[in-house]
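Student: Pick one part of this model and take me through it closely, please. I'd like the cut-offs spelled out as you go.

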Amino acid sequence: MHFDLIDLTLFQHTLECGNITAGAARSHLSLPAASARIRAMEASLGIALLERNRRGVHPTPAGQALLQHARLIGQQVERLQYDLAQYAQGQQGQVRLLCNTAALTEYLPELLAGYLADHPGVSVDVQEQPSLRIAQAITQGMADLGIVSSAAPSAHLQTRPFRDDPLVLVMPLVHPLAAIHQPDFGASLAHGHVCLGPHSALALHLEEQALRLGRRMQVRVRAEGFDGIIRMVAGGAGVGVLPLASVRRWEGVLPLRWVALRDDWANRKLLVCARDFSLLPGYAAALVAHLDAG
């Protein structure tokens, strides 16, 4: 099997466009050259990668597998080009860190500021994602480090404890759920919720838990940030599920109360994860040490 980046890019463009002619044009190749490359790919494997008909082309099962790998390789090449460009501008390194909403909002700002102050030649690319996607991205080598909830499958990764981060149900002082000592998340679904934006990691996680119960969340309003949720809840807009650390900042300041959820997934811990901590570049290993010390 002898594929190069031009082959993989052409194959991806062909399937995204739906035909070889458009895929060739998008790849800046002539149609005969593109057709020859695809035929050579199929010949080297001894299997068909495309199903051809009057309406265009569709991937065979083998072609679908190749398309997935071609996309991953393309993302890695883009990352390589970006990282090398940063080095050309005098940067000594970049750490790609994926984290969930709670880690990004509650724990990382001061820690990352301290690390960056001590390492002026290093930058940190931080992206918020749900824990499950983070674990998948680390497995695929798409990021150096991740901070995930202990509820996400991560046994195949190396992990280190980062923070205890239980999720709690917050509500106005007078609310029907206040009479329940330790409700479960399902009980809260009978009431309107105040949530983060629909693309935030925590909002996606909560919606997934509701769907597992065969229910849907009644989202009354969405807020920017944990503080916005808490202020709306205290004003009577609904209930919310938040990290305990964010709620404690407002205790005694706003008229609200919180209760622990008895769901196992709510009693979570945050973990720092990597494919192999020993193989991290020195500047990324230094970030892990800084997170451990913090």
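Tutor: Helices and strands here are DSSP runs, numbered from the N terminus: H or I over at least four residues for a helix, E over at least two for a strand. Residue numbers start from 1 along each chain as its sequence is written, and the model is a predicted one, where local features need pLDDT of at least 70 and side-chain atom pairs count only at pLDDT 80 or more, while totals for chains, interfaces and linings use all residues. Side-chain values rest on heavy atoms, with hydrogens and water left out.

The part I'd pick is helix α8, residues 201–212. Its 12 residues reach 17 Å from first C-alpha to last. That is close to the 16 Å expected at 1.5 Å a residue, where the expected span is 1.5 Å times one less than the number of residues. Just past the end of α8, Gly214 takes a positive phi of about 75°.

Now for what's covered up. Ala201, Leu202, Ala203, His205, Leu206, Gln209 and Ala210 are the buried residues in α8; buried means under 20% relative accessible area, with exposed over 50% and partly exposed in between (1.4 Å probe, protein chains only). As background, an α-helix has 3.6 residues a turn, so residues three or four places apart point the same way.

Next, the empty space around α8. Everything sits on a 1 Å grid over the protein atoms alone: a cavity is a set of points where a 1.4 Å probe fits but cannot get out, a pocket is an open set with protein on both sides within 12 Å along at least five of seven lines, and lining residues have an atom within 4 Å of a point. Points are joined across faces, edges and corners, and a volume is the space filled by probe spheres set on the points.

The largest pocket comes out at about 390 Å³. It is lined by 21 residues, and Pro130, Ser131, Leu132, His205 and Glu208 are the closest to its centre. The elements giving two or more residues to that lining are α5 (101–118), α6 (131–139) and α8. The largest share belongs to α8, with seven residues. By type, the lining splits into 10 nonpolar, seven polar and four charged, counting Ala, Val, Leu, Ile, Met, Phe, Trp, Tyr, Cys and Pro as nonpolar, Asp, Glu, Lys and Arg as charged, and the others, Gly among them, as polar. His205 is one to keep in view: it is buried and also among the residues closest to the pocket centre.

Where does the largest pocket lie with respect to the domains? The chain is assigned domain 1 (5–86), domain 2 (93–163 + 269–293) and domain 3 (166–266), with bounds from an automatic or database domain assignment. Domains 2 and 3 both give residues to the pocket lining, so the pocket lies between them. As for domain 1, its centre is 33 Å from that of domain 2, taken over C-alpha atoms.

Then there's the cavity. The count of cavities of 30 Å³ or more is one, and the largest cavity has a volume of about 60 Å³. His193, Val194, Cys195, Leu196, Leu202, Ala203, Leu206, Met217, Ile229 and Val241 make up its lining. Here β8 (192–195) and α8 are the elements that give two or more residues. The lining divides into nine nonpolar, one polar and no charged. Leu202, Ala203 and Leu206 turn up on both lists, buried in α8 and lining the cavity.

One cavity residue leads on to the strands. Val241 stands in β10, opposite Leu169. The strands involved are β7 (residues 167–172) and β10 (residues 240–243), joined by four bridges and running antiparallel; strands pair if DSSP finds at least two bridges between them. β7 also runs antiparallel to β11 (residues 256–260), over five bridges, and there Leu169 has Val259 as its bridge partner. With six of its six residues buried, β7 is mostly covered.

So, back to α8: it gives the largest share of the pocket lining and also two or more residues to the lining of the largest cavity.
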